[in-house]
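Hello,

Here is the structure I promised to pass on to you. Please have a look through it when you have a moment, and then read my notes below.

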Amino acid sequence: MKPQDKRTLDRETLSKGKFIQSFAAGNQLPNDLPEVAFLGRSNSGKSTLLSSLIHNASIVKTSGKPGSTTTVNYFQIGGIYLVDLPGYGYAKRSKNERGQLQAAIDWYLANTKNLVAGFLLLDCLRSPEEEEFKIAELFAQNHKPLSLLLSKADRLNQKETSQVVRKIKEFENKFFEVQFISAAKGKGIAPLVERLNSLGASSG
Ligand SMILES: Nc1nc2c(ncn2[C@@H]2O[C@H](COP(=O)(O)OP(=O)(O)O)[C@@H](O)[C@H]2O)c(=O)[nH]1
Ligand SMILES: [Mg+2]
């Protein structure tokens with residue numbers, strides 16, 4: 001192994017991904033490592049993606065019943081934190097509950113010390129709506145790059161993929177980049193890991 005290979009976020013490092021802690025509004029957030037935030041509506045595939053990134057399904061699922069908390073959950077792989085932010089867009093929830101979810105996201109963005117990038121998941125069969133554009137706006141205000149990850153891309157056949165690729169042109173300027181991803185089939189995972197490396201994961 002060449003010396004530089006040791007610093008990359010390889011399979012071995014990924015398998016050592018771990019849950020760090022859940023934080024609630026008012027808590028002091030970590031400030032020792034760069035961190036990337038993962039956001040998305042309920043059912044966007046966020047937990048599945050995080051599980052596949054850290055090669056440990058159980059710790060992501062058990063860190064909080066999916067979508068049911070307003071906590072901000074920190075995981076670490078290599079030298080970077082992956083921060084699982086509360087879900088949003090729960091049509092069935094009360095206005096008050098949805099307000100709490102939004103407040104937790106706002107609190108995190110106002111208090112994070114080392115945020116270097118965000119990844120917003122959106123089911124590839126949907127188009128970004130008010131909530132997604134609001135998050136894009138928040139990241140732009142904070143001068144942080146926000147990637148839109150079109151999730152569950154394995155559900156699209158070739159024709160549908162081309163249709164979505166055409167549709168992306170309408171909103172791609174709102175995001176740092178737009179990428180297809182499929183945690184189920186591994187599509188788009190390698191470039192994402194590459195990106196995490198470039199953001200600091202490999203220096204831990
Ligand atoms: N086909 C497909 N389904 C997925 C993929 N990722 C997640 N799902 C499904 O989408 C649903 C929601 O996933 P989950 O990770 O719990 O979403 P979360 O609410 O954003 O955390 C579950 O039924 C998953 O099995 C994917 O890459 N491909
Ligand atoms: Mg979840």
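What follows is a short tour of the fold, the ligand surroundings and the confidence of the model.

Please keep in mind that this is a predicted model. The pLDDT averages 87 along the chain, and 85% of the residues score at least 70. Residues 1-6 are a stretch to treat with care: their pLDDT is below 50, and beyond near neighbours in sequence the stretch has one contact in the model. Where pLDDT is low, the predicted coordinates should not be read in detail.

Now to the sheet. It is an open one of seven strands with mixed pairing, and the order is β1-β3-β4-β2-β5-β6-β7. At the edges sit β1 (18-23) and β7 (177-180), each of which pairs on one side only. On average, neighbouring strands are turned by 25° against each other, direction ignored. If you would like a pair to look at, try β2 (residues 35-40) and β4 (residues 80-84), which are parallel and share four bridges; V36 has L82 in β4 as its bridge partner. Helix α5 (residues 130-141) packs on this sheet and touches β2, β5 (115-123) and β6 (146-151), with its direction making about 170° with that of β5.

Then there is ligand 1. It is surrounded by 18 residues, and the closest are G45, K46, S47, T48 and A184. The shell around ligand 1 is made up of 11 polar, four charged and three nonpolar residues. Helix α2 (residues 46-54) contributes the most to that shell, with three residues.

Enjoy exploring, and best wishes!

Notes
Residues numbered from 1 in each chain as written. Chains lettered and ligands numbered in written order. Predicted model: local features only at pLDDT ≥ 70, side-chain atom pairs only at ≥ 80, totals over all residues. Near = placed C-beta within 6 Å. Helix = DSSP H or I, 4+ residues; strand = E, 2+ residues; numbered from the N terminus. Nonpolar A, V, L, I, M, F, W, Y, C, P; charged D, E, K, R; others polar. pLDDT = per-residue confidence, 0-100. Contact = placed C-beta atoms within 7 Å. Pairing = 2+ DSSP bridges. Axes fitted to C-alpha atoms, helices over the stretch in contact; angles between N-to-C directions.
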